[in-house]
Amino acid sequence: MLHLDIRERLVIMKTKNRWLIIIVSLIANVIVGSAYAWSVFQPRLIDLFGFTTPQANLAFTLSVGLMPFAMIVAGKVQAKIGAKLTVLLGGIIFGTGFFLAGFTTANIATLYLTYGVLGGIGIGFVYGITVPNSVKWFPDKRGLAGGIIASGVGGGTVVFAPLFRSTIEAIGVLETFTFYGIIFGIIIVLASLFISAPPADFKPAGWTPPVTENQSTVVNLTVGGMLKTTHFYVLWLIYALACVSGLMIIAHAGHIAEIRIGVTPAMAATAVVLLGVANTGGRLFLGAFSDKIGRYQTLVLMYAVTAGMLILLTFATTFPLFVISIMGIGFCFGGFLGVFPSITAENFGTANLGMNYGVVFIAFGFASFVGPRLAATLFEATGNHALAFMIAMVMSVFALMVTTVLIFLAHKKKMASSDQPVYKTVLSLEGK
């Protein structure tokens, strides 16, 4: 009895400590999320060195594009050295990349290697470990945990964009890189000291897993095993389609506001800030909301709202309607990033979640190339963004239809047999 009492006390202590772990994980992700405030740096670098816009923007594209691949590597590194040291390493890499970006010269390769390559690797290591680690600590609130961490990355832009702007005005753009690089590295390293992975059999005190989420019914697949399932490719597709619209709007919101609505640069900047707030809020709220109504039901809702907001944006001629539409799109985009880590965990298991979600997250990297370029290319060809909005709307409707089929097949399979593994129950497309 004494042994059981001690064990129960340890579980209660771990349950309380998990909130500290997710708080420091959130802080670390707010820091790496600062990289998404790139639009503050870009015009100053162009003015200073004479870079073209495509040349300068490639640094940000590298950072975003490398992030999913860094997440996969981070999962392998974590298996060898643990979550704490992997996040610490990511903080050092990210801080170093930001710091060395301050030594950028007219040779833009320096910027690509520092802000782009090192920055992307650092983001991938921090985000790629803290997301699955937090989801594992909160098996009872997976959507909330994933949403909190994802909101950190989204909130980084909101928090640091004005700080970067004021610091650049005070000391210069290159000096801002070096100054914040030191601070960012120190903060993430300190945060990593409080991060640890939960025991393999961890359950919060007083919580009993529902039958549908009992780990005995979930197959813990490796990356190779996951890639052999049709389910993975369907999830990858709908994740990519989910991200195209949001990344398209995030990349061009200010330009769209000035060109289509005819607002001043100051009003356009206000719209961008509101978009960032909605993006952050969606990651937090919709992740938690999916805990209540179900992951796929939440996806259907978000695809429907995104499609509706894209139609509204196509015909918006006033600033209020424009803001409502982009905030709706941004809110849902954030929600997708908050929900998909939990979907990955609940279909492929948590044992290899870091690497598995990294592979799933390649959909985000793919969308980061497709969405912004689709809008830019069609704008050059037609002189407006309407066609890009409508194509993105069709993508959202298609993803909604696919997700609805998933729900139908899951319900049908559940009625036929309740003893199959969750990753087959949710979507039986294996032909077995």
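**Figure 1. Helix α6 against helix α12.** In this predicted model, helix α6 (residues 142-171) packs on helix α12 (residues 319-348) at an angle of about 135°, and their axes are 7 Å apart. That angle makes α6 oblique to α12, since it falls short of the over-145 range that counts as roughly antiparallel. The crossing of α6 past α12 is right-handed. On the α6 side, the contact is made by Arg 142, Gly 143, Gly 146, Gly 147 and Ala 150. Facing them from α12 are Leu 337, Gly 338, Ser 342 and Glu 346. Sort the residues of this contact by class and you get two nonpolar, five polar and two charged.

**Figure 2. Helix α11 against helix α12.** Here the partner of α12 is helix α11 (residues 295-315), and the two axes come within 9 Å and cross at roughly 155°. An angle over 145 counts as roughly antiparallel, so that is the label for α11 and α12. The pass of α11 by α12 is a left-handed crossing. As for who takes part, the contact of α11 with α12 has 19 nonpolar residues, along with seven polar and two charged ones.

**Figure 3. Helix α9 against helix α12.** Swap in α9 and the axes come within 10 Å of each other, crossing at roughly 160°. That makes α9 roughly antiparallel to α12. The crossing of α9 past α12 is left-handed. In the contact of α9 with α12 there are 23 nonpolar and four polar residues, and no charged ones.

**Figure 4. The largest nonpolar core and its best-connected members.** The largest nonpolar core holds 122 residues, and Tyr 127, Leu 299, Phe 322, Phe 340 and Tyr 357 touch the most other members. Which helix gives the most to this core? Helix α9 (residues 230-261) does, with 17 residues. For background, nonpolar side chains tend to be buried together in soluble globular proteins. Zoom in on Tyr 127 and, with neighbours within four places in sequence set aside, its contacts include Asn 29, Met 67, Met 71, Pro 132 and Ile 149. Also touching Tyr 127 are Ala 150, Val 153, Leu 337, Tyr 357 and Phe 361. Two of these names have come up before: Ala 150 and Leu 337 take part in the contact of α6 with α12. Tyr 357, for its part, is on the list of core residues that touch the most other members.

**Figure 5. Val 87 and its surroundings.** Val 87 is found in helix α4 (residues 83-100). Is Val 87 buried or exposed? Its relative accessible area is 0%, so Val 87 is buried. Setting aside residues up to four places away in sequence, Val 87 touches Val 126, Ile 129, Thr 130, Ile 188, Ser 192 and Ile 195. Take Ile 188 from that list: Ile 188 and Val 87 are 101 residues apart along the chain, yet their C-alpha atoms are separated by 7.6 Å.

**Figure 6. Val 359 and its surroundings.** Val 359 is found in helix α13 (residues 353-360). Its relative accessibility is 10%, so Val 359 counts as buried; the cut-off is under 20%. Not counting neighbours within four places in sequence, Val 359 is in contact with Ile 72, Val 223, Met 226, Leu 227, Phe 232 and Trp 236. Phe 232 is 127 residues away from Val 359 in sequence and 9.6 Å away in space, C-alpha to C-alpha.

**Figure 7. Two more pairs brought together from far along the chain.** Leu 374 lies in helix α14 (residues 362-382). Apart from neighbours within four places in sequence, Leu 374 is in contact with Met 248, Ala 388 and Ile 391. Leu 374 and Met 248 sit 126 residues apart in sequence, and their C-alpha atoms are 7.7 Å apart. The other pair starts from Ala 304, which lies in helix α11. With a relative accessible area of 36%, Ala 304 is partly exposed. Ala 304 and Ser 396 are 92 residues apart along the chain, with 7.2 Å between their C-alpha atoms.

**Figure 8. The whole protein, for context.** The protein has 16 helices and zero strands. Of its 432 residues, 53% count as buried. Among contacts with a separation of 6 or more, 82% are between residues 24 or more positions apart.

Conventions. Residues are numbered from 1 along each chain as its sequence is written. This is a predicted model: local features need pLDDT of at least 70, side-chain atom pairs count only at pLDDT 80 or more; totals for chains, interfaces and linings use all residues. Side-chain values use heavy atoms; hydrogens and water are left out. Axes are lines fitted to C-alpha atoms, for helices over the stretch in contact, and angles run from 0 to 180 degrees between N-to-C directions. Helices (H or I, at least four residues) and strands (E, at least two) are DSSP runs, numbered from the N terminus. Angles under 35 degrees count as roughly parallel, over 145 as roughly antiparallel, 65 to 115 as roughly perpendicular and the rest as oblique. A crossing is left-handed if the near helix is turned anticlockwise from the far one by less than a right angle, and right-handed if clockwise. Contact means heavy atoms within 4.5 Å. Ala, Val, Leu, Ile, Met, Phe, Trp, Tyr, Cys and Pro count as nonpolar, Asp, Glu, Lys and Arg as charged, and the others, Gly among them, as polar. A nonpolar core is a set of buried Ala, Val, Leu, Ile, Met, Phe, Trp, Tyr and Cys residues joined through side-chain atoms within 4.5 Å. Buried means under 20% relative accessible area, exposed over 50%, partly exposed in between (1.4 Å probe, protein chains only).
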